[in-house]
Amino acid sequence: MKTTNLGYPRIGSKRELKRALEQYWSGKTDLESLLATAKNIRKENWLLQKEQGIDLIPSNDFSLYDQVLDLSTTLGCIPERYTALANNPSFSGHDLYFAMARGIQQDGADITAMEMTKWFDTNYHYIVPEFTKNQVFNVSPDKIINEYKEALDLGIKTKPVLIGPVSFLLLGKEKENGFHRIDLLERLLPAYEEILQQLVNIDAEYVQFDEPYLALNLTEKEQRAIHQTYSYFATKFPSLKLTVANYFDCFGENIDTALALPVHTLHLDLVRCPLQLDDIIESKQLNSYTHLSLGVVDGRNIWKNDYEKSLKLVQKAIDHVGAERVLIAPSCSLLHSPCDLDLESNEENLSGEIKQWLAFAKQKLEEVATIKQLANKENLSGSLEKLKKNSEALANKKTATLIHNQKVKQRVSALTAKDDQRESTFPTRQKLQKEALDLPLFPTTTIGSFPQTKEVRSWRANFKKGHLSVEEYNVLLEKETKETIEFQERTGIDVLVHGEFERNDMVEYFGEQLNGFAFTSFGWVQSYGSRCVKPPIIYGDVSREAPMTVKWSAFAQSLTKKPVKGMLTGPVTILQWSFVRNDQPRSETCTQIALAIRDEVVDLEKAGLQVIQIDEPAIREGLPLRKEDWDTYLNWAIKAFRISASGVKDETQIHTHMCYSEFNDIISNIADMDADVITIECSRSQMELLDVFATFKYPNEIGPGVYDIHSPRVPERAEMVALMEKAAKQIPVEQLWINPDCGLKTRHWPETREALIEMVAAARECRQNSAVLA
């Protein structure tokens, strides 16, 4: 029996990669320094996994930005708009790589970034590959080969990790009509063959192919493509030990395809879908030589493993295929877990009682090794002691009074159908809101946050450390808020925001003021590129004791006669972007959060806020991977949003915001949210996302983002006008707003000022041309 790992966090235990990237992008350090930091992180990761007892340690799981973008560049999938950069000898390969991820606006080049979207049902964002009908694949496998050799120099023979060919194609997007990207498989397989041959040449023994699309509802053609792929590899490389890894859900109807694959190992996510092991055993179709990698340690959440439960699954597999064909593993890559629980020494953030229930990436490796020892009856004295402590911690968790609040449970059970309904339908509300707000055609707004400068972050840090008093801190925040309101008024934005300078993160800020949440000091996970988030831990029943946002929203509203939006994070997003308790249904926890947000919405209205935004960027992200499970999730998720939004008068305008989501399959559910205004990401996709809103005849108002805030480039006015002209061909002009794609927290003030001035000018031009646009 062996242990294996699918991937490890690449940000560094204290976000070393984030700082190195941002210093490089700002020109403060050179490429050599960035690459040295990256190499050191890889070294630490490999040595740690070796020390923790992992037999098959991954390589090529590291990335400077995104693993899908890495593969796109490895395979030569460079969009045509970057050809001039790619052919420019003074432009390095790394500069091209980052230009594809972030866009570029320098030295005469002005190129938009590639599209970015969510990685399945996680909060990780990947860069979407772009394919053309005559796509050519030109292999440059240096990254894969060099990192394998790097580990070999440390005495570690790794298992290179690649996204499987079928999943890579399905993750991408056709950039012209007349073909389906899966049709490119015949051209793609020789490119993969070239990579595998180079790995064979340097004596690689194991290779892991991630095929997470095996958890989705595949067509027969796509299933055949999976079988074709691994039959091709098995024929070309009979001695390579190939793993096909599926995660985030069951194989479902793809199980026969998976079991027939001529591969050394199949990886199963037994956290998300433990019953699939029974399906495999009962089917009796598993190849006699195929090993089973059992993902029994949760790679997506931070709760301690239940050793007894895991050992039952391991024993079941041993009884069926024998111990020599069983591997113990996390359920998926540990990319989605914080690095190291041992760093958490702040009792004020994370009490010892809660900490005893947790495991981060480093601790999950230890759990994998311990489960192997217990199953193999190795190191019995040490492993049995770990089993005993594990059982005691889990028993303590079941009975902890810290977790349960009967008043919260009673409030949830007392909800009625009326509690998730606005008083009137949208047409009535729309008329009343137009009278109350008196906004022009193509009203402008932003999504909420403004740049969090180094100074703002230092104020918050010094306040938390006690170096600033409450009074001193508030004076600084008032000054920044006032300047931001004045800037928006000068610029001519119609619906203002206060800037959110008091907030650290759109989920953490609320969690800090809600009961049932705990926090870490170093529990960072990667969201995209250098962007890291520190999800709160929901350990118990959730409730709100006092207003959370009213003070700063009301202060901002007192500074202007224009409407200011109250800014809130919605219940589904707070749920999705937290580490959620695993002792009750997620729907129950989400409803508890919805009631807390509802209380805040009502208090904002009482404080004079006429516009309130309840952000729900994670609605689509939370959608189960298998379509047969969608309705159950959507019913409780949409209801939770409506509960949070339905306690106010008709005149109060409720906004919501969603970013980087595909809405085609759930547009009717988005409409059921019944938000008065929805703002969405549209600039990277060149307004493609609006197609479904137009076809569906979306009834409420909509703000398609006209510039990409995840890129440092400043769009020209004409560019934004052109996007709105596209939008006006699909959506009635009376329903359209103009706004950025997302919040401006991560941007710098100079580019923000310039972009928003151009955005308002674009809105004025659209108003002048409204008759033509209509």
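Does G178 count as buried or exposed, and at what relative accessibility? Some notes on that and the rest of the chain follow.

1. G178 first. At 59% relative accessibility it counts as exposed, since the cut-off for that class is over 50%. Bear in mind that we are looking at a predicted model. G178 belongs to the loop that runs between strand 9 (173-174) and helix 8. Its C-alpha is 7.3 Å from that of K133, with the two positions 45 residues apart in sequence terms.

2. Follow helix 8 (185-201) out the other end and you get to D203, in the loop leading to strand 10 (206-210). D203 is worth a click in the viewer: its phi is near 75 degrees, a positive value, and the residue is not a glycine. With a relative accessible area of 52%, D203 is exposed, because anything over 50% gets that label.

3. D674 is another non-glycine with positive phi, here about 60 degrees. Look for D674 in the loop between helix 25 (667-673) and strand 23 (677-680).

4. Now the overall picture. The protein chain contains 29 helices and 24 strands. Its radius of gyration is 26 Å, and a compact globule of 774 residues would come out near 28 Å, so the two agree. The C-alpha trace spans about 75 × 65 × 50 Å along its principal axes. Buried residues make up 62% of the 774. If you take contacts with a separation of 6 or more, 79% of them join residues 24 or more positions apart.

5. On the surface and charges: the accessible surface comes to about 29,700 Å², and carbon and sulfur atoms hold 48% of that. I get 90 positive and 110 negative side chains in the chain, with the centres of the two sets 2 Å apart.

6. The inside is where I'd spend some time. Nonpolar side chains tend to be buried together in soluble globular proteins. In this model the largest nonpolar core has 100 residues, and I670 and F693 have the most contacts inside it. Helix 24 (residues 630-645) gives the most to this core, namely 10 residues. There is also a second, separate core of 99 residues, with I255, A258, L286 and L365 among its members.

7. What does I670 touch, leaving aside its neighbours within four places in sequence? The contacts are I619, M658, F663, I678 and Y698.

8. T652 sits in the loop between helix 24 and strand 22 (653-658). Loop or not, T652 counts as buried, at 4% relative accessibility, because the limit for that class is under 20%. Setting aside residues up to four places away in sequence, T652 touches R422, Q433, E605, L609, Q610, I612 and D676. S578 is another matter: it is 74 residues from T652 in sequence, and the C-alpha atoms are 29 Å apart in space.

9. Last one, back towards the N terminus. E44 is part of helix 2 (residues 31-51). With a relative accessible area of 46%, E44 is partly exposed, so it falls in between the 20% and 50% limits. S13 lies 31 residues from E44 along the chain, and their C-alpha atoms are separated by 9.8 Å.

Note on methods. Residues are numbered from 1 along each chain as its sequence is written. This is a predicted model: local features need pLDDT of at least 70, side-chain atom pairs count only at pLDDT 80 or more; totals for chains, interfaces and linings use all residues. Side-chain values use heavy atoms; hydrogens and water are left out. A nonpolar core is a set of buried Ala, Val, Leu, Ile, Met, Phe, Trp, Tyr and Cys residues joined through side-chain atoms within 4.5 Å. Buried means under 20% relative accessible area, exposed over 50%, partly exposed in between (1.4 Å probe, protein chains only). Helices (H or I, at least four residues) and strands (E, at least two) are DSSP runs, numbered from the N terminus. Contact means heavy atoms within 4.5 Å. The radius of gyration is taken over C-alpha atoms; the globule rule is 2.2 Å times the number of residues to the power 0.38. Accessible areas come from the Shrake-Rupley method with a 1.4 Å probe; for residues, only the protein chains shown count as cover. Lys and Arg count as positive and Asp and Glu as negative; His and the chain ends are not counted. The place of a charge is taken as NZ of Lys, CZ of Arg, CG of Asp or CD of Glu.
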